[in-house]
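Please take a moment to look over the chain before reading on, and keep it in view while the paragraphs below lead you from strand to strand and then to a pocket.

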Amino acid sequence: MRFVLMIEAQQGATYADQLAIARRAEAAGFEAFFRSDHYESFPGSTDNPTTDAWAVLAGLARETTSIGLGILVTPVTYRQPGNIAKLGATVAEMSGGRLEVGVGAGWHEEEHRRHGFPFPPIEERAEMLEETLEILHGLWEGADGWSFAGRHYRVDDAHFRARPDPRPRIIVGGSGTPRSMRLAARWADEFNLTSSAPAAVAAKYAELDRACQAIDRDPTTLTRSAMIGTLVGRNADEVGTRQRAILEAFGNDSEADAWFGERSERWIMGTPDEARATVERFAQAGVERLMLQDFLPWDLEMIDLLGEELVRAG
C-alpha cells in the first residue's frame, strides 16, 4: 500500500502551518502531500483564514525536497483550462516533477457566490470538466498547432511553452458516478474514491474496470486510490482525545461514540493494530494508494504515528 497525507487546508491552515505539515509528512515517509482547493473555511467555523492551493504548492515545491505534491481537487469553476495547464507546468518545474493534479467539477455553491465565481448547474460543470481534461492533455502533450473547439472552451493553434516533461499525473474522482468513471477511463492516470467503505470500494472498482474495457483501456493502467478519513492514537485514551479534538474543530456537539460510530466502516480509526486491519481491508478491495484525510493536521505527533505504524509498516 502507498500512502498520501491529505489535509483540508481551508480549516484555517496558514502557509507556515502547511509547510510544517508537509515537511513532517516528508520526514514520516509519506509518498505525497495533498491539499484541498477551497477559499472558504469549513467544517466548523467559517471565519478561519484560507489560502490559495496553487500558491501554496508553489511555495512547498521550493521548500520540500522529495515528497510528491498535489491538489484534490482543483475545481474547473475557479480557473480556465489554459490557466490550470500553465499553473501545473510551472509548479511541476519548480518541484522537479513532483506535482500531481486532481481536477473536479466543483461543488460549494456559497463559496462560489461569495468569491464571484460562476456556479452553473452540475451538467454544465461536468461538461466543463470533460473539456478541461482534454485541453490539459492537448496543451501538455499535443503538437504545436493543436486546436480544440468545445461547448465551453476553444483553443486555436496552441503553442505551449514549456511543456512539462513528464506531464503531471491527472486524478479524477468523487463518489463514483458513471460519468466520473467514464472521464477517468478516458483521461486520468488515477481514479480516487471519497469516503467509502471497503465493500463499496470493491463494487465501484468493478464498475471502473468495465468503463476502461468499454474504450479498450487496460484497467490495470489506471491507479485506484481512496481518500479516507483517518484518526489514529497509540492507545484508546489517545484515540478518544483526538476524537474530541475533531468534534471541537468541527463545532460539533455530538456524542463521540455516535458520530464516529457512523463512520467506523469507512474511516481508518483506532489504535495502530485496528488501523492496520482496516488498511488491509482496503487493500483487499483493490485500493493501491490511500489518501489519509487528516482533519487534525496541526497534530504533528499523529503524522509521526501514521508514518511509524502505517507508512513504514506497509
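**From paired strands to a pocket**

Strand β2 (residues 32-35) runs parallel to β3 and pairs with it over four bridges, where strands (E, at least two residues) and helices (H or I, at least four) are DSSP runs numbered from the N terminus, and two strands pair if DSSP finds at least two bridges between them. This is a predicted model, in which local features need pLDDT of at least 70 and side-chain atom pairs count only at pLDDT 80 or more, while totals for chains, interfaces and linings use all residues. Residues are numbered from 1 along each chain as its sequence is written, and side-chain values use heavy atoms, with hydrogens and water left out.

Within this pairing, F33 stands opposite L69 in β3, and although the two residues are 36 apart in sequence, their C-alpha atoms are 5.1 Å apart in space. L69 counts as buried because its relative accessibility is 1%; buried means under 20% relative accessible area, exposed over 50%, and partly exposed in between (1.4 Å probe, protein chains only). Leaving aside neighbours within four places in sequence, L69 is in contact (heavy atoms within 4.5 Å) with ten residues' worth of surroundings that include A32, F33, L57, L60 and L99. Seven of the eight residues of β3 are buried, so the strand is largely enclosed by the rest of the structure.F33 also belongs to a wider group. A nonpolar core is a set of buried Ala, Val, Leu, Ile, Met, Phe, Trp, Tyr and Cys residues joined through side-chain atoms within 4.5 Å, and of the 77 residues in the largest such core, F30, F33, I268 and L290 touch the most other members. Apart from it lies another core, of twelve residues, among them I246, L247, W267 and F295. In soluble globular proteins, nonpolar side chains tend to be buried together.

L290 leads on to another strand. Six of the six residues of β11 (residues 289-294) are buried, so this strand is largely enclosed by the rest of the structure, and both of its faces are covered, with R289, M291 and Q293 on one side and L290, L292 and D294 on the other. β11 pairs in the parallel sense with strand β1 (residues 2-7) over six bridges, and L5 has L292 as its bridge partner there. β11 also pairs in the parallel sense with strand β9 (residues 223-232), over five bridges, and here M227 stands opposite M291.

M227 in turn brings us to an open space. On a 1 Å grid over the protein atoms alone, a pocket is an open set of points where a 1.4 Å probe fits, with protein on both sides within 12 Å along at least five of seven lines, and lining residues have an atom within 4 Å of a point. The largest pocket is lined by 40 residues, of which V73, W107, G174, T194 and M227 lie nearest its centre. Among the elements that give two or more residues to this lining are β3 (68-75), α5 (122-141), α6 (178-187) and β9, and α5 gives the most, with four residues.

Lastly, F119 is placed in the loop between α4 (109-115) and α5. F119 counts as partly exposed because its relative accessibility is 25%, and its contacts, not counting residues up to four places away in sequence, include G106, W107 and R125.
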